Each structure stands twice: as structure tokens, then as C-alpha cells.
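Work through the exercises below with the sequence and the model open side by side. Each task is followed by a solution in steps.

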Amino acid sequence: MINTNNLLFELKSRGFNFFTGVPCSFLKPFINSVIDDPDISYVGASSEGEAVAIASGAWLAGKESVLMCQNSGLGNTINPLTSLNYPFQIPILLFVTWRGQPGLKDEPQHELMGEITDLLLNDIRLGFTYLPSSDFEVGPSLDLAQLKMHETNLPYAFIVKKGAISNYELNLPQISVSSQGMYNDLRKNGKLMTRYQSLERIVEIAPENAGFIATTGKCGRELFSIEDREQHLYQVGSMGCASAMGLGVALNVEESVVILDGDGAALMKMGSFATIGANSPKNLLHIVLDNGVHDSTGGQPTVSYVVDFASVALACGYKTGTIVDDIGCFTDACLDAFSSEGPHMIQVKIEPGSITKLGRPKVKPHDIARRFKKFLTDKKV
């Protein structure tokens, strides 16, 4: 058994300073110590996949990120680990518990994942090892993990066995809940604007040093077509993860961060709304471009016609929730958001469809991530 405080000390001494994840009883002492440490930023995520994106966003903002989760949650991490971290080559450190370890009695829902945890990590090409059982092995194991992350630019995982970490009781922090924010319905019920028009306008009026994270599909492709800049990150996969990645960035920079989301993507990981609201980054503007369809896959309908994203965001703790359907009101809502503390949600009702001869980003994901990180971190003192 290793000492919880020693594990955290060794991580901090190697620069790991941003933690996120979803709890597991095997990791309870470690997570408790992380929450208690005033020198560490911790974000409790609503799902493991969301946590991957949050940690990745924090890495883009210059942090060394750690994700903690149960192996049951590995299934939730597969999409972002393979379609976000792999193509963009974003290294984060994982601590994954070994529920259902063969030979140990556990609940039936952990049996299969317990048998395949190491196989699954290997299949998605992640380096991994088992968390050591003695304190003197922790430092060298972390050094090896950092070396592998540096060599591969990919995540690395520690599999954590039952009873591997000494006990640590949580001193639960006080939580204050702010009053609900302001709802604005500015719709004119006229001709809807297009996604391209919306993106042109936000690029035009956003602060010069704002960072943009565009969801996968035609949103990112149209943003690239309008203007390719170092402060643009075009997600090519990991549908639904733009909002969580934007949160990871916004919590670690002072500049404005704009999330360009789609209705289908937002519906996929709406738990991120709550995580954003709870952490309340003042510099975050979350825009949902709502055309009611999955435009990139042929126009199949979403269920956004029954969803008021602005109201959902307010219920989750955003400062404002605004719904617009024309360029003038969209402009006003964005300018108001940039001039006040967020997080802000703007739901933009737009027409389905896209521009003709729509291209794709010509910059490789790995290079997009590096230039975006450089843009964010070069501005820090």
C-alpha cells in the first residue's frame, strides 16, 4: 500500500496540477486528498468521457492533467481517447481502478470489464502499467509515465488495484449556489440565418485574443473556410466534447473562450452544461448552433425541437441564457456576453444546410493542437 499524501506529492513535484474525473471507491482516498489540496485544481465531471475532454482542454492551456476514474467508465472514454487525444496527440495521465479484478470477489457488473481492462487499454494503444505497491516505487513509475507521454504524445494509464492507496478522509468544502441567471428570448421569427453567417459574425466581433473551439463536422469546416487562425481548434471527432474541452481551457486562461457547438453534439453530452455551470468560468461563451438536424451526416433530424438549450443552461448555473434567430440579435447577445461575466449560453436558431464546395482543415490535428496551445500559453506572464 502506498501513502496517499506521498502519491500526491510525487505528482505535484512533476508538475501535475490539474485533476478531473468521476469517483470510484478504490480511488476515494486519492480523490479526497486532491479535493483538499489548495494548490490543485479539481473538476468533478458528469461522465468519464467529459473528463477526458476537460483534461485535454486544460493541457492545451498549459496544465499537466490527471484523470481519475473507475474501469467501468473506460467505455465512456473510448470515443474521446481515440478520436480526440489520438489524432490531436494530447497526453494526459490516467488512474483507472481495477474493479472486477480476476480472483477477487466483486459485483457482477464489473466481471467482464475486470477481465479486459488491460486488453482494452492495449487495443486503443495506450501505454499503461499497474500502480506500484510501495512508496519508493512511485517516483520512478511516474518518471517512466512522463517519459512515455513525452515520447508518444498520448495518454498513459495506471491501473489501480483494490487497497492500493492508504485512507484519507475528505474535508468536504462548502459549496455556495448562486441565484438563477437571466433568460432572454430575442427571436424575431423571420428568415433564419445560416451557420456560415453566424460564424462570420462571431469571428468578426469576438475579442482579438479569444480562443475558439468548434465542434466536429461542418461547424469546424465552415470556421476554417471563413478564416484559419492559430486560435481556432477544429474538433474532427469526439462529438459532444467541445463544451467540456472549452471548460478545461477557460478555467486556465484569462482570455475569452468561445465554444461553437451544435444541437446534436450538445444533446450528446448535456452533463457538461452542469459541470460548466458549477465551475462558472467568467470568460466562457457557449454558442449552440441549432438547425434541428445532423447536418454532417445527411440532415437526419435531432430532437432539439423540444429542447430550450438557453433554459437548460440557466438551470445548470449559467449567468445568461439567450435564444436568437437573426443576425442583429445574435450580434447584440454576443457583445453583451463579451462585456459581462459568464458563463453565457446563446442558442442560435439557424437554417439547415451548408455552403457548397465545403473544404476541410488542411492543418493536421497534431499541429492544430500545438499552435492552439502556443497561442494560449504564450500570452501568459
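**Exercise 1.** In this predicted model, find which residues asparagine 71 touches, leaving out those up to four places away in sequence. Then decide whether asparagine 71 is buried or exposed.

Solution. Step one: the contacts of asparagine 71 are Val96, Thr97, Trp98, Arg99, Met113, Gly114 and Thr117. Step two: asparagine 71 sits in the loop that runs between strand E3 (64-70) and H4. Step three: buried means under 20% relative accessible area. Asparagine 71 has a relative accessible area of 0%, so it is buried.

**Exercise 2.** Describe the largest nonpolar core and state which helix gives the most to it.

Solution. Step one: the largest nonpolar core holds 84 residues. Step two: the residues with the most contacts inside this core are Leu60, Ile202, Leu260, Ile287, Phe330, Ile346 and Val348. Step three: the largest contribution to this core, eight residues, comes from helix H3 (residues 48-60). Step four: another core, of 25 residues, lies apart from it, with Phe30, Val34, Phe158 and Ile165 among them.

Leucine 260 can then be followed one by one through its contacts. Beyond four places in sequence, leucine 260 touches Leu199, Ile202, Phe212, Ile213, Ala214, Thr215, Cys219, Leu223 and Ile287.

**Exercise 3.** Locate valine 303 and classify its accessibility.

Solution. Step one: valine 303 is in the loop between strand E13 (300-301) and helix H12 (309-315). Step two: the class between buried and exposed runs from 20% to 50% relative accessible area. Valine 303 has 47% relative accessibility and therefore counts as partly exposed. Step three: together with Tyr305 and Val306, Val303 forms a nonpolar patch on the surface, with about 360 Å² of accessible area together.

**Exercise 4.** Examine the backbone at glutamine 89, asparagine 189 and proline 343.

Solution. Step one, the background: most residues other than glycine have a negative phi, and most peptide bonds are trans.

Step two: glutamine 89, which is not a glycine, has a positive phi of about 55°. Glutamine 89 is in the loop between helix H4 (74-88) and strand E4 (93-97), and counts as partly exposed because its relative accessibility is 26%.

Step three: asparagine 189 also has a positive phi, near 60°. Its loop lies between strand E7 (182-185) and helix H7 (195-205). With a relative accessible area of 67%, asparagine 189 is exposed.

Step four: the peptide bond from glycine 342 to proline 343 is cis, with omega near 10°. Proline 343 is in the loop between helix H13 (327-338) and strand E15 (344-349).

Conventions
Residues are numbered from 1 along each chain as its sequence is written. This is a predicted model: local features need pLDDT of at least 70, side-chain atom pairs count only at pLDDT 80 or more; totals for chains, interfaces and linings use all residues. Side-chain values use heavy atoms; hydrogens and water are left out. A nonpolar core is a set of buried Ala, Val, Leu, Ile, Met, Phe, Trp, Tyr and Cys residues joined through side-chain atoms within 4.5 Å. Buried means under 20% relative accessible area, exposed over 50%, partly exposed in between (1.4 Å probe, protein chains only). Helices (H or I, at least four residues) and strands (E, at least two) are DSSP runs, numbered from the N terminus. Contact means heavy atoms within 4.5 Å. Patches are made of residues with over 30% relative accessible area and no salt bridge: like charges are joined within 9 Å, nonpolar side chains (Val, Leu, Ile, Met, Phe, Trp, Tyr) within 5 Å. Accessible areas come from the Shrake-Rupley method with a 1.4 Å probe; for residues, only the protein chains shown count as cover. A salt bridge is a side-chain nitrogen of Lys or Arg within 4 Å of a carboxyl oxygen of Asp or Glu.
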